[in-house]
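Q: I am new to this structure and would love a close look at one part of it, the strands of chain A. Could you walk me through how they are arranged?

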Amino acid sequence: MSPEPLVETVALSKEFPLPRTVTETFHRRPARAVHAVDSVSLALQPGETLGLIGESGSGKTTFGWLLSRLHDATSGEIRFDGQEIGRLTGAALRAWRRNVQVVFQDPVGSLDPRLKVWEIVAEPIRVQEKLRGGSSPSRGEMRARVQATLPQVGLPPDCLDQYAHEFSGGGRQRISLARAFSVDPRLIVLDEPTSALDVSVQAQILNRLVDLQRARGLAYLLITHNVAAVRFAADRVAVMYLGQVVEVGDVRAVLDAPVHPYTKALIAALPRTDPSRRHARYRITGDIPTLIDPKPGCRFAPRCPFAKEPCRLADPPLRPAPGASGHLVACVRAEEVGAIPPSALLESAEAPPTGVEPAVAAPGRPGSSVS
Amino acid sequence: MLRANPLTFLGFVLVVLLVVAAVLVVLSPQLLVPYRATQETKAYTVPPTLLRWPPSLVHPFGTDETSFDLYSEVMLALPLDLAIGLFIAGSALLLGGALGLVAGFWDRPGTIGAVASAAILRTTDVFLAFPSLLLALAIVAALGFNLNALLLALVLTWWPYYVRLVRGEVLAIRHLPYVTAARAAGVGELRILGRHVVRNLLEPVVVYFTLDIGTVLVSFSTISFVFGAAIAYPRPPEWGNMLSTFQVNQPITHAWWLIAFPALAIFVTALAFSLFGDGLRDVLDPRTRRALVQSQGVSAAPPPSELAQPTGPAAESAGGSGP
């Protein structure tokens with residue numbers, strides 16, 4: 001890794017406190033909290049795409065929101081360009097925001113239904129110009145600037161005065177991209193940018209994103225369920241489980257030779273075109289456990305077929321995976337289980353090895369706020 | 001564009017007619033009001049049994065028991081009733097709407113806003129816990145029956161609904177991604193509130209407001225009806241009050257027009273604002289507005305597409321099914 005990351009988080013955590021229940025108040029117990037993101041340390045190089053995968057409720061989106069300062073972290077640090085930005089407030093924070101933009105999953109809700117395309121795209125430009133003390137550009141100037149940016153995201157330049165509802169899902173997502181790119185950010189947090197689109201449009205949007213990245217040299221945090229999208233667009237990938245990063249490394253290394261049992265399960269769970277293997281799935285049994293005040297120890301241990309006593313004692317640190325540089329994994333038994341390919345686990349699904357069944361029943365899903 | 005929906009058009013025309021008529025009645029009454037309220041009509045000279053004349057060419061709505069021209073009376077009440085409806089609904093909208101914005105937008109736990117919004121909402125709950133009409137009646141009973149007391153009573157019972165309505169809309173809108181995106185772009189909170197939140201809640205609130213004018217009139221008339229019979233002559237020209245008096249003094253079987261025409265006036269006004277409100281909803285929303293324009297033959301540019309040629313490796317990669 002190069003020494004100067006664009007953005008770096010150090011033990012970044014976000015807890016959402018739950019309202020105190022009557023019993024807790026009565027017994028004077030402290031309120032419980034949802035640990036959506038639990039001491040995550042990740043770094044993004046300039047111009048790099050980091051994929052962030054994991055199932056719903058693993059804290060991917062919350063992490064993206066922390067990076068873009070849409071949530072305030074409970075603890076930990078975010079350094080942008082070597083500067084701590086976790087404590088920026090007021091006008092300084094608003095001015096900093098031009099560096100990081102966000103694209104959301106929902107193509108309908110992402111765009112104000114009362115604004116025309118040019119107004120949507122012009123708003124960030126106008127606000128940031130004002131924050132920099134410059135004079136606000138005139139209406140005509142602004143329209144011209146927006147018109148010039150529209151072809152870059154694949155929109156016709158003559159749709160300035162249309163409303164968002166007149167576009168298809170892909171068209172709307174392009175408007176979102178145009179808005180995000182309008183202030184020339186250095187990082188864009190892509191929160192499931194293609195999940196709501198149909199497959200051919202997904203490909204167009206991803207291609208467009210990759211082209212724009214090459215042209216402008218900005219970094220992406222690509223949050224998605226779609227492993228294929230990560231494989232196509234990302235340089236590195238981080239796998240999250242219950243608010244923690246369990247494995248991070250180059251896309252090829254992590255997706256082709258996963259070390260962590262959870263990553264193996266995730267890869268093995270992908271649907272296959274090979275009909276002979278269609279029913280042989282390596283399944284993780286049980287629901288994702290609760291994020292409310294998790295117990296120490298590996299978060300995946302209750303569902304892990306390889307879990308042993310040391311796994312349940314302390315949080316496993318993120319450490320270099322055996323035999324690969326820049327590939328980190330948080331598994332105590334990485335050396336022993338790392339070599340087992342996911343496909344081997346597929347066969348064993350027929351006759352599960354002892355200990356596959358989860359030791360702890362899932363006590364229910366966490367709130368949707370962390371998904 | 002209003003012509004696209006005949007009912008909307010009717011509502012719009014009715015509201016314009018009502019407002020124009022009300023203004024005329026105030027500015028130059030002789031145009032629309034043939035007999036002043038205090039002026040006795042020619043009917044007074046006929047034998048007392050004919051004092052309640054049924055509708056005729058001279059007196060289109062008939063005359064009442066003191067031989068006043070009912071048409072004049074109904075028209076004279078128009079400006080007052082419209083003003084009452086607009087004033088009460090408008091005051092409730094401004095007061096309740098402002099409080100609703102505060103309660104909906106600044107309610108992050110641990111801030112002053114959270115305390116303020118809790119106070120606003122609990123006060124609202126207290127008012128909503130009373131049946132509003134009974135509360136208004138009680139206030140009027142306590143203050144004595146006059147116009148000011150009635151207005152105060154209705155505004156006091158009306159605003160909590162706007163708090164609830166506006167707060168609900170704010171809560172729904174402020175978590176939409178476009179609000180978050182605006183925040184991520186560095187847009188200030190007040191500007192987010194004005195440009196993204198208020199503009200998007202304006203449509204349901206304005207529609208509710210116009211529908212509400214009719215409801216206010218009916219409620220005002222009801223209270224006026226309850227207390228109205230106790231009022232000594234000369235009666236203030238107000239539709240609810242007329243209904244009340246005539247209903248007591250003139251059984252509907254003997255002089256149906258005395259009940260029918262003031263009631264019709266209330267009905268038409270309430271209906272006009274209801275239809276107008278419906279139409280306003282369509283006009284205010286860019287989605288249906290564009291549809292209305294299109295139905296008149298102006299077509300919007302087709303949405304862009306670069307379909308049909310999925311390019312590059314992503315075509316298979318994103319669509320394919322994994323490693």
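A: Let's begin with a term we will need: a residue counts as buried if 20 or more other C-beta atoms lie within 10 Å of its own. Please keep in mind that this is a predicted model.

With that cut-off in hand, look at strand 2 of chain A, which covers residues 33-40. Of its 8 residues, 6 are buried, so strand 2 is largely enclosed by the rest of the structure. Strand 2 of chain A also has a pairing to follow: strand 1 of chain A, residues 7-17, runs antiparallel to it, and 5 bridges join the two. To find one such bridge, start at Leu12(A); its partner in strand 2 of chain A is Val40(A).

Now turn to the open sheet in chain A. Eight strands make up this sheet, and reading across it gives the order 7-8-9-4-10-11-13-12, with mixed pairing. At the edges stand strand 7 (100-103) and strand 12 (319-320) of chain A. Each has a single partner strand, so one side of each is left without a neighbour in the sheet.

Further in, the order places strand 9 beside strand 4. Here strand 4 (residues 49-53) and strand 9 (residues 219-223) of chain A pair in the parallel sense, over 4 bridges. A handy place to look is Leu50(A), which has Leu221(A) of strand 9 standing opposite.

You have now met both senses of pairing: strands 1 and 2 of chain A are antiparallel, while strands 4 and 9 of chain A are parallel. In either case, strands of a sheet pair through backbone hydrogen bonds.

How values were computed
Residues numbered from 1 in each chain as written. Chains lettered and ligands numbered in written order. Predicted model: local features only at pLDDT ≥ 70, side-chain atom pairs only at ≥ 80, totals over all residues. Pairing = 2+ DSSP bridges. Buried ≥ 20, exposed ≤ 12 C-beta atoms within 10 Å, placed from the backbone.
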